[in-house]
Structures are given as structure tokens and as C-alpha cells.
Amino acid sequence: MSVLTRDEAQTRAQLLDVHHYAVDLDLTTGDETFGSTTQIRFTARAAADTFVELKPDALHTAALDGTPLDVEALDGNRLPLTLTEGEHTLSITATMRYSHTGEGMHRFTDPTDGEAYVYTQLFMEDVQRVFAAFDQPDLKSVFDVSVTAPEGWTVLSNGITEQQADGRWTAATTPLISTYLVCVAAGPWHSVRTEHAGLPFGIHCRRSLAPHLDADADEILDITKACFDRYHEKFAEPYPFDSYDQAFVPEFNAGAMENPGLVTFRDEFVFRSAVTETERMHRAMVIAHEMAHMWFGDLVTLRWWDDIWLNESFAEYMGFQTVNEACSELFADTWIDFGVTRKAWGYEADQRPSTHPVAPAADAVPDTASALLNFDGISYAKGASALRQLVAWMGEDDFLAGINIHFKRHRFGNATLADFVDNLAAATDRDVHGWAEQWLRTTGVDTLTPRLAGEGKRWQLTVDRAGSRPHRLSVGIHDRDAAGDLVLRERVWADVPQEAPLDLEGPRPALVVLNDGDLTYTKMRFDEASAESVLRGLSRVPDPLTRAVVWNALRDMVRDGELSGADYLAVALAHLPEETELAVVQGVLGFARTQIADRYVSEADRPAALATLTEITRALLRRTEDGEAPGLRLTAVRACIDSATTPDKIASWLEEGTVHGGPELDPELRWRILARLAVLGATDEAAIAAELERDPSATGQEGAARCRAALPTAEAKAAAWSAMFDSDELSNYLFTATADGFWKPEQAELTRDYVARFYPAAIAMAERRGPALAEAAGRRAFPAFAIDADSLALGERHLADDTMIPALRRQLVDQLDDLRRALRVRG
């Protein structure tokens, strides 16, 4: 299959105007394939040769202006076309194959009730798996979609759908949209419908999840409506589509996809077990993120994939900001969670060899395969952080004015970074072009360190910068009161680089926190007195966002080898049991468990690290016995299970069906305990099978796969390995679950021989199964716990294999860099 190059796309965009697609899909032809008929009306501006893309199971007919084309001319995914100048109609009929990897038309059979569901994910190049298209984002068109579906199914699409007398469904004609944004979701959906602002709104899920969706329907719809109204306060351009549906679909590869009028979400967002407040907030943020795309991405679309950050950074920023504004009664400051979770993702990505500018140069994204690699912590989290810094620098009013200019100038069209910056510049006297060059065209993370001078009643603050970007930030200045608590004296603004030190009144403070409001993107260090205050009194810092900034600084210091994992754990033991901000507790425990205990401390020191984590979780459990903080207690229970080094306590919870003092075990906690017992060798196949009989859902199937792969026997590891790499039967989710169970630090000797086998197996599997499974193999099936120089050298040798597809190579480059960092930290 050929990937589309930027040059080819530019040539075709200069040649064609695409007016209309009529797409007819037949979903009644069986479980493996479906019928696809496409008619495209377009104009050629000159006589030329070009091509249309499709990836059929079988191409039956193709005709240009009624003249049959040779179907044998299909070369991979390209059917050549010889055009004369003027109007043309292209008609194609084909049989297409359902996917089980979350690409194209994904088909899923629910193990709970046997019902089947299909939905499309057409991003980047996958529209070609469903219907023929001139597949690039700047050849927008209008679409008429018709679907023949089995009896009892409902068909959803980008526009309002109607069922016809012959059993076919037709969707309303779309406005101009890009090919990758077309969407169909069909099956016996359970739906909750309402109306808002004169438009039909709906939420949809599998029938087996109906009780769980119904339990949260009011919250989901209230958040949707609140965000919708808030965007209409921000944006002068009204919502541009005829309805707003949100479908929670199975085995979805991403968090969600911004198909106009029909957003698809992974159906884990339909919570079937207890969740924390931060998990509910994250769902709200994703709802707001995808809705922001209706304007930025759908109404105005990138011209080529080098500008994907224009879609994702904007939606990421708007998602957190809009939930913060519109849903403040439900959720506390969303920017705390952004700082703890999303921003850390950006910092990690930006310090790897695979880093790239937020807005890469045109020649850095020469084709769609390279573009796919940029959906990462830089395009999302770093880009959103840059936009937050831009708002702090130029002011929100001017920022929104520039955005509205952008929407007005490019509605239903395509735009570039240059267009975006020009439109922002039109709304301010600030040098936005210079800012964009410094922030969006550079890589890496700056590091800021405070330097204090002076005594008595005045002191001076100098901010030393390792890096090149300008920063506008808030500095938190804290004193210690008579009780030993840290209290905020004042916050002052600083611009870095400084023209002169800040000259401030009062005695030297006990604690100086740079970037106190987390408004810029930088690593932060402490002066000597502040470092001592942090170690002694972190839990006594009054503001939760400030504490999150401090915890992030400690995290960066561990990763940079400036603070030992043991010292970080000591700080966590001293202060985390008193922490009130749930996002901070989850972030600290997650980093301590998955990075420090599993990777950054030596094998000899790992038991002590896990013991410290267990002590922290026990303290949190004691603190939450009164039931006042259920989210904090649930977080502690999860961490206690994951850190268990002996099976007795968690086995007793599983047997009794409850944690002592609560909560009762729901399916998520039962599978979590069973997975840890499998790692510890304290369960067996019979127990896994019994649990699967108790919970035969799709989530139960994944839990069983994870537990079976985690069993510490040669037979279990061989079976899991074969399922992942010797067979192509596992769906994307079952592959990931199996990979999650396979590699465990406790089982290093048992899996040692598989380390060398991983690379050839993953390379071959990725070639067979494509980018989605390649990404899963590199991210989840990598031998991350084989932390030694030989494993690093082995991986580096395999990077020389030029048969490796880009999606896998990118993951392995990142994984090997993480391995290199772990070795440095250990050293």
C-alpha cells in the first residue's frame, strides 16, 4: 500500500475540485465483509493523470463518466485515473473487509448478549477501508451516506438519519467536510435523546451497557449542554452541523474522535464500576475537547498533517478551560489534573530523541505515515501548554478575538499555521509571529531556577533559564507561620528572560515557587531554602495547584537523576497521606508505582519501594475510613492491590467480596485483584475461568486475558506469546490486555528468553497487522522491565532493520530512550 505524500496531495489539490460523494454501504452481507458503492462528482481543472484511493477486499466495478475502468489496474490502494479538463463522475463498487483493530469499519460482537456493532474510524488513511475517496484533508466535499443494515439496528451518521421503507437508512447531506471525518455507527444501540438549542442531542451505547449509561445520562448531557452554551459565548460562529450525537463504541483505539455531528468515544467512558472524581472530570474534558473540534478541525480544517497541532492543541486547551468554566459546580480546578497527568506526558515526549516542534516544518511531515507519528504528548499536551502561555501573554480577550477572525476567514475551508498566526496577530499589538517562532518551531523543555540575594527588609529574585523560550509566569512567595505551615505572602509576575532582578519587600521567604499558577511550560527547580521547605512541609503548602507544580518538579528531578527514587518515596510517605487533592494523590502514586518501583530502583531495592507504597496506601485507607472521601479511598485501594507483595490480604478481599471498611468489590476491583494474584502465583486458570463466568462481558474477556498472561508458568507465557505474535485472531483490545499481563518485574527470569524474541516478532506482526497493532506492540508489549545494558544494545541493533514500519519504529525509539534513562537514574 502506498502512503500519500505531501507533494502528491498538493498536486492533486491543484488539479481537483471535489463536489459530492454518494456513499452506499450494505452491512447485511455477513460477519466478515460489507458492500460499498461510491459515486464522486468532481471537476478537473486541466487534463492530467491522478488516482483515487481504496483498500477493498474485492474491487468489482469502476467507471469514469460511464466508461468502465480496468479493475485490475488497482495498484495497492490506488486506482489510476486519466482525466480531461471539466466535470467528471466516478463510480466504484467493492466489497470491503471489517476490521478488528479499530481501523476502518470495526466490527464487534458483544460477548454478553451476542449482539454485533460496527462503527467507522476513518482517520488519516482509513476511509479507504470503507469507500473510495480522494483522501486528503484539503479536498473537502459534501457527503450523502446511505446504509442498509440488519433488522433491529439503528444507523447513526454525521447528519440526522432516517429509516426508509425498504430498510435502508439515509443521512442528511453534510456541509463541506474532509473525508477522514465521515462517520457511520450501526447496531442495536441503546439511546438517550433530548433537544438543546433547537438541535437534537443523543448519547448511545451497546445494549449491555444500558443501565450504566442511564445512570450517568443526566451528567453526560448536562456537561454536553453546558459546554455547548459556553462555546457559543466564546465563538461568534454558531455550531455548524444539524445535530449532536455521542456514541460510546467498543474497542476504540483513541479516547474519542471528532466526527462532526457524531462524536465516537471509547465505551470505557460508560462506567460500569466505581470511578473517582478525576475520572469523571476526565470524561467531561474529553466531551469538551471533541466539541471544540466542531469548530477547530471540522469547520476549519488543517490543509496538511504537519498542522495537526492546530486541531489537537486547541481542543486540548479548550477542553480543560471550558470544563473549568462551565462545570465548576461539578469539578474543581481542571488545570490541576492537566498539570499532573497531561503535562507530564508532554515533558516526557519532549525529552526523547523523537521529539519534534509543536508545529513541525513542512519537510518534516512528508507523508501520511510520518504524520501519524505526531499524535503524541507534544501535539496535545505541550501544544495546549503553549496556548495557555499564549493566553497569559496576550490576554484572553485578544486570543478569542483572533480565534473568531480565524473561524470567519476559513469557515468550511482549510488553514495553515501561517493563517492562524496572522489571524491572532490581527487581534493584538503583540509580536505573535515572533512568539510562534520561539514556542512552536523549537523543541525541548526549558529549566528555570530561582536565585535569591539580599538580606533584611528587601531581597532580589533572579530567574536563571536553561533554554531559549520567553516565559510570562507567576511566582509564589511563601512564609512559614508559628505553627510551621507555609502561607502565601504574595504572587508576583515575572517575565523571563528578565531585564533586571525582581526587587521585593520583606525578609527572604521560606519557599519560592516559580510558575506557581502553572501557566507556562517549563521544568522548575528550587533554591536551597525552598528545597528544604518542600521536603519538610510540602503537605502544608496551602494551594493545591501550587502543590501540583511542586510535585511535578520533584518528579522531573527524579527523572533527571537529581533526586533519588528513595528520597521521592520518603517525601511521598511524609506528605501524601495528608494530601487533599485527588489528582495529586493519583499522579504521585502512579509515578511512584510504575516508574520508581518498577524501573528506577534496582531489583534489590524494589521490595523496599513497594513496602513504602503499601505504607502510604494504608495511611490513606485509615484516613478515609469515615467514608468522606470515596474517590481517595478507591485510589488507595487500587494502589494497595497493585503494590501487594504477598497475596493474603488482597485474596481475603476477593473471597469476602469487599475491602475491610469498604468499598464492596465491583468487577474492576475483582479483576485488578485477580491480576495481582496471578503475578504473585496465588491463583490459577480455574479461578480465572470462574471469574469470567461471573463477568462474561467484553471487559471481563480482557481481564481474563490479562490474568492468563500474568500467570508465572512457562505454559502461560508461551500461550500468551503465541496469541500475540503467532496468530492474528486477537482484537486490538485483547492484544493490549494480553501484553499488559505478559511482562512483570517479578517474573524477569521467566520471561528473560522472550526479550530477544520480541523484536523480530513485533516487526513481523506489525507488517502484517498495520499501524494500530504496531503501536500497541511497541507501547504495551515491549519488555520494559528488562533494564540492563544488554537489552538496550539489543534494541538499538534492531532499530537498524529497515523493514520496520514507522509506527513501530517510533514506539521503540521512545521505549529505548526510557530504558536508557532508567539505567542513568539507577546509576
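I began with the lining of the largest cavity, whose residues I find divided into five nonpolar, three polar and four charged. I note at the outset that I am reading a predicted model.

**Cavities**

My search of the whole structure gave three cavities of 30 Å³ or more, and for the largest cavity I noted a volume of about 90 Å³. Its lining includes Lys343, Tyr347, Leu514, Asn515 and Asp518, and I also listed Thr522, Lys523, Met524, Val549, Asn552, Ala553 and Asp556 there. Helix H5 (334-350), strand S28 (523-524) and helix H12 (544-559) are the elements that give two or more residues to this lining, and H12 gives the most, with four residues.

I then stayed with Asn515, which lines the largest cavity and lies in the loop between strand S27 (511-513) and S28. Asn515 is not a glycine, yet I read a positive phi of about 55° for it. Is Asn515 buried or exposed? I find it at 2% relative accessibility, so it counts as buried, the limit for that word being under 20%.

**A second residue with positive phi**

I looked up Ala197 next, a residue other than glycine whose phi is near 55°, a positive value. Ala197 is found in the loop between S15 and S16, and because its relative accessible area is 57%, I record Ala197 as exposed, the limit here being over 50%.

**The sheet that holds S15 and S16**

I followed these strands into an open sheet of five strands with mixed pairing, and wrote down the order as S15-S16-S17-S19-S18. Its edge strands are strand S15 (190-196) and strand S18 (256-257), each of which pairs on one side only. Inside the order, I find strand S17 (residues 244-249) and strand S19 (residues 262-266) running parallel and joined by five bridges, with Phe248 standing opposite Phe265 in S19. I also traced helix H2 (residues 210-234), which lies across S15, strand S16 (199-205) and S17, and which runs at about 25° to S15.

**Strand S26 and its partner**

Which residues of S26 point to the buried face? Along strand S26 (residues 502-505) I see the side chains alternate, Leu502 and Leu504 pointing to one face and being buried, whereas Asp503 and Glu505 point to the other and are not buried. Strand S23 (residues 458-466) runs antiparallel to S26, and four bridges join the two; across this pairing I noted Arg458 opposite Glu505 in S26.

**Cis peptide bonds**

Pro497 lies in the loop between strand S25 (486-496) and S26, and I find the peptide bond from Val496 to Pro497 to be cis, with omega near 5°. I made a similar entry for the peptide bond from Gly662 to Pro663, which is cis with omega near 5°; Pro663 has its place in the loop between helix H17 (648-656) and helix H18 (667-679).

**The second largest pocket**

Last, I turned to the second largest pocket, for which I noted a volume of about 430 Å³. Of the 28 residues that line this pocket, Glu603, Pro745, Ala748, Phe785 and Ala786 are the closest to its centre. The elements that give two or more residues to its lining are helix H14 (582-600), helix H15 (606-623), helix H23 (748-769) and helix H25 (789-798), and I find that H23 provides the largest share, four residues. By residue class I recorded 15 nonpolar, four polar and nine charged residues in the lining of the second largest pocket.

How values were computed. Residues are numbered from 1 along each chain as its sequence is written. This is a predicted model: local features need pLDDT of at least 70, side-chain atom pairs count only at pLDDT 80 or more; totals for chains, interfaces and linings use all residues. Side-chain values use heavy atoms; hydrogens and water are left out. Buried means under 20% relative accessible area, exposed over 50%, partly exposed in between (1.4 Å probe, protein chains only). Two strands pair if DSSP finds at least two bridges between them. On a 1 Å grid over the protein atoms alone, a cavity is a set of points where a 1.4 Å probe fits but cannot get out, and a pocket is an open set with protein on both sides within 12 Å along at least five of seven lines; lining residues have an atom within 4 Å of a point. Grid points are joined across faces, edges and corners, and a volume is the space filled by probe spheres set on the points. Ala, Val, Leu, Ile, Met, Phe, Trp, Tyr, Cys and Pro count as nonpolar, Asp, Glu, Lys and Arg as charged, and the others, Gly among them, as polar. Contact means heavy atoms within 4.5 Å. Axes are lines fitted to C-alpha atoms, for helices over the stretch in contact, and angles run from 0 to 180 degrees between N-to-C directions.
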